[in-house]
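Biologist: Can you walk me through this fold? I'd like to go strand by strand and then look at the rings.

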Amino acid sequence: MSFFHAGPAPRSAGPRSGALRDGLILTPGMKVGLFGGSFNPAHEGHAHVAETAMRRLGLDRVVWLVSPQNPLKDARHSAPLAQRMASARLQARGPSMVVSDFETRAGVVWTVDTLRLLVARHPGVRFVWLMGSDNLADFHRWRGWTDIMRLMPVAVIARPGSLLDSRTAPAAARFAGFRIPAEQAGLLPSLSAPAWTYLTAPLNPLSSTKIRTAKPSRAGS
């Protein structure tokens, strides 16, 4: 089977600046989930992914990385960053959930660059990349997707409508030999990449697209 690789991923971590403050208070040994997205807007489905990962992986933090603009999506359909950050803060409940505009501060666009930069800035932190199963289905189209799989462990959380496709996705097939059982998910943050798992939990059907396209209900309805 051949796999599509969305362009070569540079080996550098992307833009750096000694004066860059990422706002993340992380210490070596911490287990931290990185949850990226447009969050246009953030909703209960996103909270489901973050909270499931927090509980099943035994994470100390989940950092919601709000993208300045997904390069694979039309910018005309994106709300302003401040609005999307605000919606993420409403869903990221509790002190262990952190909403960050790190990608905007660092001037990075591609996820692979974001993750390399965070790994370089926070040595000793046990990062795990988090994503819904709807993203796994298209993960092989991301720039540097194989590099992401080899950079840090990955946890995929089931999302409605993508269960079958994501289980047979090219990325899942490519790294099938590195998948660990969901029953051992608590070990994932301590494993060396590549390593990934697929977690199921009661499903939340909400999606940002449905929220954006929903029509206001009529008064009295």
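Biologist: Let's begin with S2: how many of its residues are buried?
Modeller: Bear in mind that this is a predicted model. S2 is largely enclosed by the rest of the structure. That follows because the buried residues of S2 number 5 of the 6.

Biologist: And S1, how many of its residues are buried?
Modeller: S1 is likewise described as largely enclosed by the rest of the structure. The reasoning is a count again, so here it is: buried residues in S1 are 5 of the 7.

Biologist: In which sense do S1 and S2 pair, and over how many bridges?
Modeller: One bridge joins Gly33 to Val62 in S2. Phe35 stands opposite Trp64 in S2. Taken as a whole, S1 and S2 run in the parallel sense, and the bridges number 6.

Biologist: S1 also pairs with S4, so which residue in S4 is the bridge partner of Leu34?
Modeller: S1 and S4 pair in the parallel sense too, over 5 bridges. Within S4, Leu34 has as its bridge partner Trp129.

Biologist: Back to Phe35 and Trp64: what kind of aromatic pair do they form?
Modeller: There are 8 aromatic pairs in the count. For Phe35 and Trp64, the ring centres are 5.3 Å apart and the planes are at 65°. A plane angle over 60 degrees is the cut-off that matters here, and the pair is edge-to-face.

Biologist: How many residues apart are Phe35 and Trp64?
Modeller: Phe35 belongs to strand S1 (residues 31-37) and Trp64 to strand S2 (residues 61-66). Both Phe35 and Trp64 are buried. The pair links distant parts of the chain, with a separation of 29 residues.

Biologist: What about Phe139 and Trp145, which kind of pair is that?
Modeller: Phe139 is buried at 0% relative accessibility, and Trp145 is buried at 2%. Their ring centres lie 6.3 Å apart with the planes at 70°, so the pair is edge-to-face.

Biologist: Which residues do ring pairs link into a cluster?
Modeller: Phe175 is one of the members, and Arg174 lies over the face of that ring, 4.9 Å from its centre. The full cluster consists of Trp129, Phe139, Trp142, Trp145, Phe175 and Phe178.

Biologist: Now the helices: what arc do the buried residues of H2 cover around the axis?
Modeller: The buried residues in H2 (residues 81-91) are Arg84, Met85, Ser87, Ala88 and Gln91. They sit on the same side of H2, because the arc they cover is only 165°.

Biologist: Which residues are exposed on the other side of H2?
Modeller: The buried side has cover that includes helix H1 (44-57), S2 and strand S3 (97-100). On the other side of H2, the exposed residues are Ala82, Gln83, Arg89 and Leu90.

Biologist: What do the buried residues of H4 pack against?
Modeller: H4 (residues 111-121) is mostly covered, with 8 of its 11 residues buried. Among them are Val112, Leu115 and Leu118. They pack against S1, S2, helix H3 (102-106), strand S4 (126-132) and helix H6 (145-151).

Biologist: Anything odd in the backbone: where is Phe39, whose phi is positive?
Modeller: Most residues other than glycine have a negative phi. Phe39 has phi near 50°, and Phe39 is buried with a relative accessible area of 3%. Its place is the loop between S1 and H1.

Biologist: Which residue comes before Pro41 at the cis peptide bond?
Modeller: Pro41 is in the loop between S1 and H1. The peptide bond into Pro41 is cis, with omega near 0°, and the residue before it is Asn40.

Biologist: And where is Pro194, at the cis bond from Ala193?
Modeller: The bond from Ala193 to Pro194 has omega near 0°. Pro194 is found in the loop between helix H8 (170-174) and strand S6 (196-199).

Biologist: To finish, what share of the residues in the protein is buried?
Modeller: The protein has 9 helices and 6 strands. Of the contacts between residues at least 6 apart in sequence, 80% join residues at least 24 apart. The protein exposes about 10900 Å², with 55% supplied by carbon and sulfur atoms. Out of 221 residues, the buried share is 48%.

Key: Residues are numbered from 1 along each chain as its sequence is written. This is a predicted model: local features need pLDDT of at least 70, side-chain atom pairs count only at pLDDT 80 or more; totals for chains, interfaces and linings use all residues. Side-chain values use heavy atoms; hydrogens and water are left out. Rings of Phe, Tyr and Trp (its six-membered ring) pair if their centres lie within 6.5 Å; planes under 30 degrees apart count as stacked, over 60 as edge-to-face and the rest as tilted. Helices (H or I, at least four residues) and strands (E, at least two) are DSSP runs, numbered from the N terminus. Buried means under 20% relative accessible area, exposed over 50%, partly exposed in between (1.4 Å probe, protein chains only). A charge sits over a ring if NZ of Lys or CZ of Arg is within 6 Å of the ring centre and within 35 degrees of the ring normal. The arc is that of the directions from the helix axis to the C-beta atoms. Contact means heavy atoms within 4.5 Å. Accessible areas come from the Shrake-Rupley method with a 1.4 Å probe; for residues, only the protein chains shown count as cover. Two strands pair if DSSP finds at least two bridges between them.
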